[in-house]
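Hi,

Here is the structure I said I would pass on. Have a look first, and then read my notes underneath.

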Amino acid sequence: MWTRSLPVCLCLLVAAMVGTRAHAEDGWTTFNGDLAAQKYSPLTQITPDNVGKLKVAWRTHTGDVSSGGPPPTGMHMKPDANGKIPNIPATVWSATPLFVNDTVYLGTPFYRIFALEPDTGKVKWTYDTKSTLEALTQPDLKNRGVAYWQADAPVPDQACQKRVYIGTMDAKLHAVDADTGAPCADFGSNGVVDINQWNTQNAKWPLSILQPPTVFEDYLFVGWAGKDWAESQDSPGTIYALDARSGALRWTFHSLPPDIAPKTGTANVWASMSVDRERRILYIPVSSPSPNFFGGAYPNDLPIVTSVTALDVGTGKVIWSRQLVHHDIWDLDTNAAPTLVDISKDGKVIPALVQTSKQGFLYVLDRSTGEPVYPIEERPVPASTVPGEKAAPTQPYVALPKPVTEDEWPGIFDLADLASFGYCSRTLKKLRYEGRFTPPSLEGSLIYPATIGGTEWGGGAVDPKTQIFIVNSSSAVQIYQLLARADYDKAASGGSETGGLFPMSGGPFGLNLTTFLNPLGMPCWKPPYGTIAAYDLKTGERLWNRPFGQVQKWGFYMPESWGTITIGGPAITASGLIFIGASMDSMVRALDVKTGEVLWKALVAAPAVALPAIYQYKGKQYVVFTAGGNSILTPRVSDEIVAFTLPD
């Protein structure tokens, strides 16, 4: 019987089908699990009732790790100009393991590929790019993993019908046979494409390929990372679409107008991307322009920068673009692939995406049009007092879903203030603070959320059936102080990813960026420093929000109610579990999707700042974590990959 309610039921059924179609039943085939960036596994063998029984199935160490010292024993390095063997920069390992082709594939921060047996962790083969181990564009050696492609109709006994790709910091993209690790000779030049051949404007450093390409059909979509805190004019942002077989360039997307690009740069895509298979749309998270903290050299109307933008897969033409921060002078890069999910709302099914952000907003948009599913309003924000700077008068604001970070900074943490004899309070009185989007200033501005806050590149995860969205976030307070060029030049230079002096050479100002800590290293702001939350996308309601992780300092664990800064993201299962590393304390955890309660945890060798992978092989479900560490959280680094499963 056809009733008025039947179309709604059909819509809900279609929504569930569309939502689950994108991911393999037992695999983890891309950086985000699938092209929709849902980080969702339909597997149900591990449940909230039995997750407490998880045990280590296998551990493997790649040997590709450095804390910033001499090369490991057995590694041969060329002497420098003074005849000395150089130290190897510290490693940051954020590689999502892939499970596909009955193999676990990994990239390492020494730019090698490892192919592992999925049930034992034994090495099948390795491939060495022989890339330079120099931190050419980043403070550390970094890698976020590999990408996989296979032909629609593989030809038997012909090599490279299945391929694994890895990028390097010196801008090389390598393709190897997925079964043997041998280079694919028909890809570029003997298996290598030099991405830097297209780096022709403001080219001061190589276009580092730290994030694996996004693979769809026979396309490879390649973004890049750079050194955008050092210069005022950098390489302008681009996306390259390559042929997956030959490496030939099919199209290039430019994020900046050609007349403006020489004056600025970046607005690049350094994070992962997502793809709507049915609509053949590529969604890209676009970062801020150069220099990161002063916009006097370029106009306010650069609509693509700090945006989420939809491109036609076949041409690279813009379908729609939504700017998330106007005239971004806070380094609030859009930094994660949007999660694609169909939402059942008000009797309709909306093809939606959820874009997480450093500023803590969750932008829920119709992915066909870019129009908001939940309202986005323009709110007035403070003006800049810096000569030559004209901050945007308004910024987009999202009230629903509730932001993952509060509008107002948390306030002085009495314990830190007391321990430092009032240092935090005294410092605060010298700073400018007028709420969200307080501009950088000459006297120093308190910034909240700051560039290391909100949600980082791990993004969120969604159950496409229940439409529950899970996201972890950080509450971080930083101080942005612009220094006139003459003052900057008097100061010592050198900064890390989280703070220090950044020249922004070629412009009138340098930057002194500090995290608001007391002299003992304690945060001057109130905890919690990290949380994890669940949202019902059908209503926008936040279902629960809990502190996540534990600060580990001076050999002690601080109270759980403090949480920690988190890097990395969650993965969820159809059985109602969240698996996540991400915390400073080097724990990996399983949480209940319904409540956020921690049901299981285990200690690994370093913070697991990569997305976990979930797969099934020979009837057993595995959860795999890469425990590599990140200097933003702690100096502890490792080369460990560890798989967990249930006992037989």
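Below is what turned up, going through sheets, hairpins, salt bridges and a cavity.

One thing before you start: this is a predicted model.

**Two open sheets**

Let me begin with the sheet made of β13, β14, β15 and β16. The four strands come in the order β13-β14-β15-β16, the sheet is open, and the pairing is antiparallel. At its edges are β13 (214–216) and β16 (249–254); each has a single partner strand, so one side of each has no neighbour in the sheet. From one strand to the next, the twist averages 20°. If you want to check the register at the β16 end, β15 (residues 238–243) pairs with β16 over five bridges, in the antiparallel sense. Ile239 is a handy marker there, with Phe253 in β16 as its bridge partner.

The other open sheet has four strands too, in the order β17-β18-β19-β20, with antiparallel pairing. Here β17 (274–276) and β20 (318–323) take the edge positions; each pairs with a single strand, so each has one side without a neighbour in the sheet. Neighbouring strands are turned by 20° against each other on average, direction ignored. β17 is joined to β18 (residues 281–286) by three bridges, and the two run antiparallel. Look for Asp276 opposite Ile281 in β18; Asp276 comes back in the salt-bridge part.

**β37, β38 and β39**

Next, go to β38 (residues 577–580), which is covered on both faces. Leu577 and Phe579 are buried on one side, and Ile578 and Ile580 are buried on the other.

On one hand, β38 is joined to β37 (residues 571–573) by two bridges, with the strands running antiparallel. Ile572 stands opposite Ile578 in that pair. The hairpin of β37 and β38 has three residues between the strands, and Gly576 takes a positive phi near 95°.

On the other hand, four bridges join β38 to β39 (residues 587–592), again antiparallel. Ile578 has Leu591 as its bridge partner in β39. This hairpin has six residues between its strands, and in the turn Ala582 has a positive phi of about 75°. That one may catch your eye on a Ramachandran plot.

**Salt bridges**

How many salt bridges does a search of the whole structure find? It comes to 20, and I picked out a few.

Arg163 and Asp186 form one, with the closest N and O atoms 2.9 Å apart. This pair links distant parts of the chain: Arg163 is in strand β10 (residues 162–167), Asp186 is in the loop between β11 (172–177) and β12 (192–194), and they are 23 residues apart. Are the two partners buried or exposed? Arg163 has a relative accessible area of 2%, so it counts as buried. Asp186 is at 45%, which makes it partly exposed.

Asp342 and Arg367 meet through their side chains in another salt bridge, at 2.8 Å from N to O. Asp342 sits in β21 (residues 339–345) and Arg367 in the loop between β23 (363–366) and β24 (377–380), so this pair ties together parts that are 25 residues apart in sequence. Both residues are buried.

There is also Asp536 with Lys538, where the closest N and O atoms are 3.1 Å apart. Asp536 is buried, with a relative accessible area of 13%, whereas Lys538 is partly exposed at 31%. Elsewhere, salt bridges that share partners join Asp276, Arg279, Asp342 and Arg367 into one network.

**A buried lysine**

Lys142 belongs to strand β8 (residues 141–143). Why does Lys142 count as buried? Its relative accessibility is 9%, and the cut-off for buried is under 20%. The Lys142 side chain makes a polar contact of 3.0 Å with the side chain of Gln138.

**Cavities**

Finally, the empty space. The whole structure holds three cavities of 30 Å³ or more. The second largest has a volume of about 50 Å³. Among the residues lining that cavity are Trp330, Leu332, Gln359, Arg436 and Phe437, along with Thr438, Ile447, Tyr448 and Pro449.

Best wishes

Terms used
Residues numbered from 1 in each chain as written. Predicted model: local features only at pLDDT ≥ 70, side-chain atom pairs only at ≥ 80, totals over all residues. Heavy atoms only, no water. Buried < 20%, exposed > 50% of the residue type's maximum accessible area, 1.4 Å probe, protein only. Polar contact = N/O pair within 3.5 Å; in protein donor to acceptor, adjacent residues only side chain to side chain. Pairing = 2+ DSSP bridges. Axes fitted to C-alpha atoms, helices over the stretch in contact; angles between N-to-C directions. Salt bridge = Lys/Arg side-chain N within 4 Å of Asp/Glu carboxyl O. 1 Å grid on protein atoms, 1.4 Å probe; cavity = no way out; pocket = protein on both sides within 12 Å on 5 of 7 lines; lining within 4 Å. Points joined across faces, edges and corners; volume = space filled by probe spheres on them.
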